[in-house]
Amino acid sequence: MTPSCHGAFVTASSNPTSKPEPADSQGSREHRRAAISFMLDAFDAGDDAGIEQTALSRAALFQAIMRMVEELGEEGTAQFLRASAEGVRSGYYSRADTVN
């Protein structure tokens, strides 16, 4: 299977022309919100322990990328990161109303 990333869509497909399924089904949206809540709690705990937010952010990104490589492979993760870079440039991650 070849992982692919299309904006908000991430799939693992043996057919690169197959249509990806949206990553925002109700179940996955609820799981993402729960995951965000866990991450916010971890950042708060790190902050309470005196760990700099930049260090926490870099450690979280490093671990996330490692896990994505395990799940999506190197090329799938690289595609996701390219799309994420575009999101940073477009202001997607700067909006307070953005909930993944």
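Is Tyr 93 buried, partly exposed or exposed? Tyr 93 is partly exposed, with a relative accessible area of 48%. That value sits under the cut-off for exposed, which is over 50%. Before following Tyr 93 further, consider how far the coordinates can be trusted.

This is a predicted model. The mean pLDDT of the protein is 79, and 70% of the residues score at least 70. Confidence peaks in helix α2, at a mean of 96. It is lowest in strand β2, residues 9–13, where the mean is 37. Residues 1–21 have a pLDDT below 50. In the model, this stretch still has 33 contacts beyond near neighbours in sequence. Where pLDDT is low, predicted coordinates should not be read in detail.

Turn now to helix α2, which spans residues 53–90. Leu 61 lies in this helix. At 54% relative accessibility, Leu 61 counts as exposed. Leu 61 belongs to a nonpolar surface patch, together with Ile 65, Val 69 and Leu 81. The four residues jointly offer about 300 Å² of accessible area.

Charged pairs come next. Side chains of opposite charge can pair when their charged atoms come close. The count here is two salt bridges. One joins the side chains of Glu 75 and Arg 82, with an N to O distance of 3.1 Å. How exposed are the partners? Glu 75 is partly exposed, at 47% relative accessible area. Arg 82 is also partly exposed, at 49%.

The other salt bridge links Glu 86 with Arg 89. Its closest N and O atoms are 2.9 Å apart. Where do Glu 86 and Arg 89 sit relative to each other in helix α2? They are three residues apart, so about one helical turn separates them. Glu 86 is partly exposed, with a relative accessible area of 48%. Arg 89 reaches 63% relative accessibility and counts as exposed.

That brings us back to the tyrosine of the opening. The whole structure holds one aromatic pair. Tyr 92 and Tyr 93 form this pair. Their ring centres lie 5.0 Å apart. The planes meet at 90°, so the geometry is edge-to-face, a class that requires over 60 degrees. Tyr 92 has a relative accessible area of 28% and is partly exposed. Tyr 93, at 48%, is partly exposed too.

How values were computed
Residues are numbered from 1 along each chain as its sequence is written. This is a predicted model: local features need pLDDT of at least 70, side-chain atom pairs count only at pLDDT 80 or more; totals for chains, interfaces and linings use all residues. Side-chain values use heavy atoms; hydrogens and water are left out. Buried means under 20% relative accessible area, exposed over 50%, partly exposed in between (1.4 Å probe, protein chains only). Helices (H or I, at least four residues) and strands (E, at least two) are DSSP runs, numbered from the N terminus. Rings of Phe, Tyr and Trp (its six-membered ring) pair if their centres lie within 6.5 Å; planes under 30 degrees apart count as stacked, over 60 as edge-to-face and the rest as tilted. Patches are made of residues with over 30% relative accessible area and no salt bridge: like charges are joined within 9 Å, nonpolar side chains (Val, Leu, Ile, Met, Phe, Trp, Tyr) within 5 Å. Accessible areas come from the Shrake-Rupley method with a 1.4 Å probe; for residues, only the protein chains shown count as cover. pLDDT is the predictor's confidence in each residue, from 0 to 100. Contact means heavy atoms within 4.5 Å.
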